[in-house]
Every structure is written in structure tokens, then in C-alpha cells.
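User: I would like to go through this model and ask, for each label, what grounds it rests on.
Analyst: Then let us take the labels in turn and set each value against its definition.

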Amino acid sequence: MAERYLGGLPAIFDDRITVTLPPVTEDQTQVPVTVDARGIGSVEELIVIADLNPFPLTLRLAGTGAQPFAAFRMKIEQGTPIRAAARQDGRWYIGGRTLDAAGGGCSVPPVVEKRVDWKRLGALQGRIWREADALRLRLRTTHPMDNGMIANVPVFIIETLAISDVAGRRLADLTLSEAIADNPTLTLLLEDGATEALLVSMRNTAGNDFRAKVPVPPIEAQARERL
């Protein structure tokens with residue numbers, strides 16, 4: 001994994017890089033994962049690797065306007081170590097945990113026929129909350145995320161997702177893999193700048209582009225909500 005994904009840079013294990021997993025894996029097609037590298041400060045890049053998955057490099061996050069944090073759901077083929085690696089000043093800092101799972105989430109056809117709402121393909125729901133030092137953005141997108149491992153179902157996934165402010169400044173760039181769960185749900189922490197909305201753009205493997213605007217709540221509105 002180091003040779004394939006870390007580009008020959010030195011790497012060390014660091015307890016400040018945390019990976020949070022469920023104690024019990026109930027659904028191998030929707031496993032919640034949270035990775036957090038904020039303990040080492042700002043980084044150039046954050047990647048997630050599931051060693052024994054068919055698609056080990058699960059997610060890549062970069063961008064000067066994004067904190068090194070991501071929460072998402074993924075498919076798991078079998079129990080595997082899941083690692084987060086953060087690149088800072090020419091070195092990778094790595095943390096991880098082992099997920100105990102029965103498996104089959106990538107290659108076993110679903111018991112119930114999967115139905116795709118093609119009319120809503122790429123439809124995005126999002127909401128933003130103000131944290132102490134960031135905007136917490138939660139997104140959910142309608143997309144099947146077919147990984148090509150089920151007979152007669154080709155690869156059809158969202159490959160890239162970008163977040164900008166209304167002035168056009170890019171805050172975050174994500175690269176998603178076939179391991180991301182259907183109807184991707186993502187949570188990110190972004191810079192709290194002077195902007196009334198964040199712009200989300202996505203592209204899938206068929207070359208379809210999807211765009212949406214998520215309003216940023218005014219400080220006063222957020223304070224009233226807490227009350």
C-alpha cells in the first residue's frame with residue numbers, strides 16, 4: 001500500500017491521526033467511517049486506504065480551505081485495516097483501525113433488487129452548521145455508485161466532487177472511488193469565510209456534471225437555533 005499510494009515519501013504512524021469505525025458492522029454496503037487528522041494541523045492531502053478491499057484507495061481530500069477531516073459511508077468486501085494518511089511537509093502521518101466485517105459488500109448482488117431513481121440522478125441535499133472554527137457541511141447525493149463487480153452492471157460512480165465559495169475560490173477537492181457507498185453521504189469541515197453559500201460540483205464516470213448551492217446560515221440564525 002505504501003509503494004502504491006504514498007509516492008515513496010517517508011511515513012510514520014501517529015496516534016493523532018484517528019479513524020472511527022462502528023463496533024459492529026451491520027450492513028457491509030453502508031459502513032460509516034470518520035477520519036480526523038486535525039491533531040497535526042494543516043495538511044496538503046488526506047487519503048483513506050482499506051488494505052484488503054478491491055479498491056483500496058477509498059477517498060482523497062485536498063484543498064487549502066478544508067480541514068483534514070471526513071466522514072462518509074463505504075462498501076466493505078471483507079474485514080480489513082482502514083487507514084488514514086495525511087501528507088505534511090513531505091512526510092505521511094498514518095493512523096488506522098481494523099474493521100471486523102463478514103464482507104460481501106462489494107461483490108455480492110443485493111438480496112433485494114436495487115432501484116435507481118434516474119429522474120433524481122445527481123440530486124443533492126445539503127446543510128451547513130457553524131462550528132467554533134469551521135463550517136460543517138453535510139451532503140447526500142442520489143447516485144448508484146456501481147463498482148463494476150456485479151455481473152452485467154458496469155462501473156458508474158461519482159469520481160470527483162469540488163466545493164467553492166460564491167467568489168469562485170476552491171475550498172476542497174475530493175476524489176471518490178468505487179468503494180464509496182450508494183447515494184454518497186459526506187461530512188466535511190471547511191473554512192468559515194465571508195460567504196453566503198457554498199457551491200458544490202460533481203462529475204461521474206459518464207461525464208455528467210451536477211451542481212448545487214448550499215446556503216451558509218447567518219451567525220444570528222445559528223445562535224437562535226442553539227437556543
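**Strand pairing and the labels it supports**

Analyst: In this predicted model, Leu59 has Leu176 as its bridge partner in strand 12.

User: What makes strand 5 and strand 12 a pair?
Analyst: Two strands pair if DSSP finds at least two bridges between them. Strand 5 and strand 12 (residues 170–176) are joined by four bridges in the antiparallel sense, so the criterion of at least two is met. Another bridge partner in strand 12 is Thr175, which belongs to Arg60.

User: How do you know that strand 11 and strand 12 pair?
Analyst: The reasoning is the same as before, with a cut-off of at least two bridges. Strand 11 (residues 158–165) and strand 12 have five bridges and pair in the antiparallel sense, and Thr160 stands opposite Thr175 in strand 12. The hairpin of these strands has four residues between them, and Gly168 takes a positive phi near 95° there.

User: Which order do the strands of the nine-stranded sheet have, and why are strand 1 and strand 15 called edge strands?
Analyst: The order in this open sheet is 1-8-7-4-5-12-11-14-15, with mixed pairing. Strand 1 (11–13) and strand 15 (209–215) each pair on one side only, and that is what the name edge strand expresses. With direction ignored, neighbouring strands of this sheet are turned by 20° against each other on average.

User: What makes strand 2 and strand 9 the edges of the six-stranded sheet?
Analyst: This open sheet has the order 2-3-6-13-10-9 and antiparallel pairing. Strand 2 (18–20) and strand 9 (124–130) each pair on one side only. The average turn between neighbouring strands here is 15°, again with direction ignored.

User: Which bridges support the pairing of strand 3 with strand 6, and of strand 9 with strand 10?
Analyst: Strand 3 (residues 31–36) runs antiparallel to strand 6 and is joined to it by six bridges, with Asp36 opposite Phe69 in strand 6. Strand 9 and strand 10 pair in the antiparallel sense over seven bridges, and Trp129 stands opposite Arg136 in strand 10. Four residues form the connection in the hairpin that joins strand 9 to strand 10.

**Exposure and backbone**

User: Is Thr141 called buried or exposed, and why?
Analyst: Buried means under 20% relative accessible area. Thr141 has 2% relative accessibility, and therefore counts as buried. Thr141 lies in strand 10 (residues 135–141) and, not counting residues up to four places away in sequence, touches Gly122, Ala123, Leu124, Ile158, Asn183, Pro184 and Met202.

User: Why is Arg60 called partly exposed?
Analyst: Partly exposed is the class between the cut-offs of 20% and 50%. Arg60, at 25% relative accessibility, therefore counts as partly exposed. Arg60 has its place in strand 5, and its contacts, leaving out residues up to four places away in sequence, are Glu45, Leu46, Ile47, Asp173, Leu174 and Thr175.

User: What makes the phi of Asn152 and of Asn183 worth a remark?
Analyst: Most residues other than glycine have a negative phi. Asn152, although it is not a glycine, has a positive phi of about 65°, and Asn183, likewise not a glycine, has a positive phi of about 50°. Asn152 lies in the loop between strand 10 and strand 11, whereas Asn183 lies in the loop between strand 12 and strand 13 (185–190).

User: Why do Asn152 and Asn183 carry the exposure labels they have?
Analyst: The cut-off for exposed is over 50%. Asn152 has a relative accessible area of 80% and is therefore exposed, while Asn183, at 26% relative accessibility, counts as partly exposed.

**The cavity**

User: How many cavities of 30 Å³ or more does the structure hold, and what lines the largest cavity?
Analyst: The structure holds one cavity of 30 Å³ or more, and the largest cavity has a volume of about 60 Å³. The lining consists of Val43, Glu44, Glu45, Leu46, Leu61, Ala62, Gly63, Ala66, Gln67 and Pro68. Strand 4 (45–50), strand 5 (57–62) and strand 6 (66–74) are the elements that give two or more residues to this lining, and strand 6 gives the most, with three residues.

User: What makes two residues of the lining of the largest cavity polar and two charged?
Analyst: Glu counts as charged, and Gly is among those that count as polar. By this division, the lining of the largest cavity has six nonpolar, two polar and two charged residues.

Definitions and conventions. Residues are numbered from 1 along each chain as its sequence is written. This is a predicted model: local features need pLDDT of at least 70, side-chain atom pairs count only at pLDDT 80 or more; totals for chains, interfaces and linings use all residues. Side-chain values use heavy atoms; hydrogens and water are left out. On a 1 Å grid over the protein atoms alone, a cavity is a set of points where a 1.4 Å probe fits but cannot get out, and a pocket is an open set with protein on both sides within 12 Å along at least five of seven lines; lining residues have an atom within 4 Å of a point. Grid points are joined across faces, edges and corners, and a volume is the space filled by probe spheres set on the points. Axes are lines fitted to C-alpha atoms, for helices over the stretch in contact, and angles run from 0 to 180 degrees between N-to-C directions. Buried means under 20% relative accessible area, exposed over 50%, partly exposed in between (1.4 Å probe, protein chains only). Contact means heavy atoms within 4.5 Å.
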